[in-house]
Amino acid sequence: MHWPFCASKCPYCDFNSHVRAGGIDEARFLNALLRELEHWAALTRGRTVRSVFFGGGTPSLMRADTVDAMLDAVSRHWPVEAGAEITLEANPSSVEAGRFRDYRAAGINRVSLGVQSLDDAQLRALGRLHTAQEARAAIKVARRTFDRFSFDLIYARPGQTLEAWRAELGEALALSGEHLSLYQLTIEEGTPFAQLHARGKLIVPDGEAAGCFYDLTQDMTDRAGLPAYEISNHAAPGEESRHNLTYWRYGEYAGVGPGAHGRFMAGGNRRATSTERNPERWAALVETGVHGMIEDVPLTRAEEADEALLMGLRLTEGIDLGRLAARTDLAPADHTINELIGLRLVQRSGPTRLSATRTGRMVLNAIVLQLAQSFVPAKTTQDTTG
Amino acid sequence: MTDINLIRNFSIIAHIDHGKSTLSDRLIQLCGNVSDREMKEQILDSMDIERERGITIKAQTVRLDYRHANGKTYQLNLMDTPGHVDFAYEVSRSLAACEGAVLVVDASQGVEAQTLANVYQAVDNNLEILPVLNKVDLPSADSDRVKQQIEDVIGIDASHAIPISAKTGQNVAAVLEAIVERLPPPKGNRNAPLKALLIDSWYDAYLGVVVLVRIFDGSLKKGQKIKLMSSGATHQIERVGIFRPKQEMLAELGPGEVGFFTAAIKQVADTRVGDTVTDDKNSTVTPLPGFKPAQPVVFCGLFPADAAQFEDLREAMARLRLNDASFSYETESSAALGFGFRCGFLGLLHLEIITERLEREFNLDLITTAPSVIYHIHLTDGSKVELHNPADMPDAGRIERIEEPWIEATILVPDEHLGGVLKLCQDRRGRQKNLTYVGTRAMLIYELPLNEVVFDFYDRLKSISRGYASFDYHIKGYEAGDLVKMSILVNAEPVDALSMIVHRTRAESRGRAMCEKLKELIPPHLFQIPIQAALGARIIARETIRALRKDVIAKCYGGDISRKRKLLDKQKAGKKKMRQFGKVDIPQEAFIAALKMDEN
């Protein structure tokens, strides 16, 4: 569920987020979300909900009763698995932390806090509105309030030294619960950071330096018992984000709200959906029709195979090539796999499972490209039971 | 048929940008041949490339009717000739069709090397030269200095040079007057057997091959059976006409006249520039002098970037050759680049034009390999082979000696850039023959090996002189040289399309430059890639491309997946554009970069 509004736009962010100085007609958006949710229920009848994720934007700007109404609708439309993971993304400001208890009452059982840094100067540079002190406090409230929580940090920031990151990550690990998301700063096209970067006014570690940052991060999180289960996500065993695992394991998900994407099976095909990005136009679409979708297309087998590969190899557990072959009739060529094994970039773990090694995960783009380019019709002898 | 005394045949000689096309346009306009509406800038340069580069590739003519103050109407045949050294032979044939030449010199720039070469040819052909100073309206114009320069360098009287501005039209009428008054009429005998010079020919989708001719003796009529003397082939004339510049059909062409004919000729290659056209039955005894078949001097490989386009490329080449017999091609196969063609060109500009036309007019994406010249290889068994492609170099043990073509180059350069140009010529194994001054500019005569010139010499010359140097050359002959084949190894495998023949003394610097350039152009792979230059088994230069360290995207969730898949598709397409060599993907630019390398 995508809540597309933010109090301000961060200069590095290219997500579908919008600032509305004049305020937001929350009731209107709630109604539209509920209406679109109903449409999704019709498309995915018979499925069970295993997780809900409120992302954005800044969902913690939503009133708790809005969240409550939406979760209520979810449970009316679908059976919800016992112990389903219900996550809400939140900013660690004191105002928002003040709403945590009400979110909990609405049914949220996990929060993911956009802490980003534990240094005030860095937070200002990243355009964040909260302070490090507020973030620390919000983490404490989250720990007290929810069953599970996670927070995000951005590293390899402009001017950041490896030593500074070591200290900051050390503090983060001390504050953390069972889950952490650690992102290297990415310069995204069309953002203010990209403009600065293009003009040489913003220099971020790249190549060798970026590799060192990543290595240090893996070493420290491994030692702290929060190893990477995905490129940028760390968790104690069993504490992975179940919702996000669905994306990486290429399961089915409904994307509700402006600019949301979905994947679901219908008529033997996997369909890809996306909705209008602009919040008001999306709401208008939903109000005149029943949904805000501007795209709902069946994927070809080759597209499916590409998506499964590029998502699955992000996971430490890797991808089940047997399942992939059963679904798409495609498999990466053996000689390509063997070449990458020879370079110690991928490994076979189990009869049909392929995963990237730690070194390999750093160059996953190139690996996925090579494997995707090597796709051949899957051998009939291949084990397809996985 | 016009009275021969009322005909004037002339061409315009000028350096690029000195205003040849603009003056042509003005002359055509003044004689009322085209309406203002039809007046497109540079009427005669009809190909896109010609118009864009401001150069003429194919010779063209236009007939003008000019009413002189004396009351008589004259037939003026303006010959627009190619203006580049690559087409020197075509220029010489166009000049042979004229009695006079209008020499256009930019009044602020002065005489350039290329103008010199053409004007010397005109003088050699006994043409009357009519000097015209163009762009006199510019504040930087210095007519007196340029007149003096024309007299000093060309050795003709420039005191009556006509000052004009082709752009504004100022004084252009005086040029027409002078053409009638100062250029001689042609000579010819109407009753003698047909003798006509084949000036140029091209393929027209509607008319077939169109042949441009200048009649010396006799006449050319529809229905007449003619013979092309070099091949003995006969054809029946279908149409006879002239260009104004629009086509206009006529009953016949007589002595002194310039025009075209068509005769159901299939290929341009059957009509060779400089050939003599005569009557099949009543043939002339003596063909016109100076005919020689086109001889390619520069060779390179052309490969389709997408291997699936090989047949398209073959078809495109055949189509181009229909219109340009001076360009040759034969199938070539390369381990690195797959199937393609080894092509021969008259020079580097010709090479550029052909590749550009292939890409533009036929929508092909091409990989061009480093240009090479023809080497004469004398083998120890006494035989001699002509080497067009470095990949075909025989084993060193079998070679007795290698000879390479040398040129004599004329370079005009402002004094302040002379040092740089001298160094460039020296670096390229040049031998200085002469150094004189033409006003404030040095005129250098150098002998240079052609293989050093085809290798980005012109680009370097332009950059060293900030564009002020001009350059012209002609082939001088073959000389033995200490030449070796340099191989380039990528990931320990030789890449045939990158190998080249170099002088031993230049091998190391060329090899180093090549390795450095490739290091820049080949993207990092998942493994480290050594790049080496080698003479035989001996490595003379080496660079290493380090393995890719990190390229993974930090964030990728459900909402990113479509975008990431599209990115993956783009990357796949990008990779397809590269040439896989062993395990290494080499981008197309790497092959082209071998042509343009800065060794300094």
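How much area is buried between chain B and chain A? About 3500 Å², and carbon and sulfur atoms give 58% of that. Before I go on, keep in mind that this is a predicted model.

Okay, so who is touching whom? On one side, 47 residues of chain A take part in the contact, and on the other, 28 residues of chain B. If you want three names to look for on the chain B side, pick Leu526(B), Arg549(B) and Tyr557(B). Together they supply 22% of the area that chain B buries against chain A, and no other three residues supply more.

Let's stay with Arg549(B) for a moment. Its side chain also meets that of Glu208(A) in a salt bridge, with 3.3 Å from N to O. Across the interface of the two chains, the count of salt bridges comes to 7. There are also 20 residue pairs in polar contact across that interface, counting pairs with both residues at pLDDT 80 or more. And what does the side of chain B that touches chain A consist of? It divides into 14 charged residues, 10 nonpolar ones and 4 polar ones.

Now, cavities. Searching the whole structure turns up 2 of them at 30 Å³ or more. The largest has a volume of about 150 Å³. Its lining draws on both chains: from chain A we have, among others, Leu310(A), Arg314(A) and Val368(A), and from chain B, residues including Val552(B), Cys556(B) and Lys564(B). Two elements give two or more residues to that lining, namely helix H16 (364-373) of chain A and helix H13 (561-576) of chain B. H13(B) has the largest share, with 4 residues. By type, the lining of this largest cavity splits into 8 nonpolar, 2 polar and 2 charged residues.

Last topic, the backbone oddities. Most peptide bonds are trans, and most residues other than glycine have a negative phi. Here are some places to check against that. In chain A, the peptide bond from Gly56(A) to Gly57(A) is cis, with omega near 15°. Gly57(A) sits in the loop between strand E2 (49-56) and helix H2 (64-77). Over in chain B, the bond from Arg244(B) to Pro245(B) is cis, with omega near -5°. You'll find Pro245(B) in the loop that runs between strands E12 (239-243) and E13 (247-249). Then there's Lys135(B), not a glycine, yet with a positive phi of about 60°. Look for Lys135(B) in the loop between strand E5 (128-134) and helix H5 (143-154) of chain B.

That's my tour, thanks.

Key
Residues numbered from 1 in each chain as written. Chains lettered and ligands numbered in written order. Predicted model: local features only at pLDDT ≥ 70, side-chain atom pairs only at ≥ 80, totals over all residues. Heavy atoms only, no water. 1 Å grid on protein atoms, 1.4 Å probe; cavity = no way out; pocket = protein on both sides within 12 Å on 5 of 7 lines; lining within 4 Å. Points joined across faces, edges and corners; volume = space filled by probe spheres on them. Nonpolar A, V, L, I, M, F, W, Y, C, P; charged D, E, K, R; others polar. Contact = heavy atoms within 4.5 Å. Buried area = accessible area lost by both parts, 1.4 Å probe. Salt bridge = Lys/Arg side-chain N within 4 Å of Asp/Glu carboxyl O. Polar contact = N/O pair within 3.5 Å; in protein donor to acceptor, adjacent residues only side chain to side chain.
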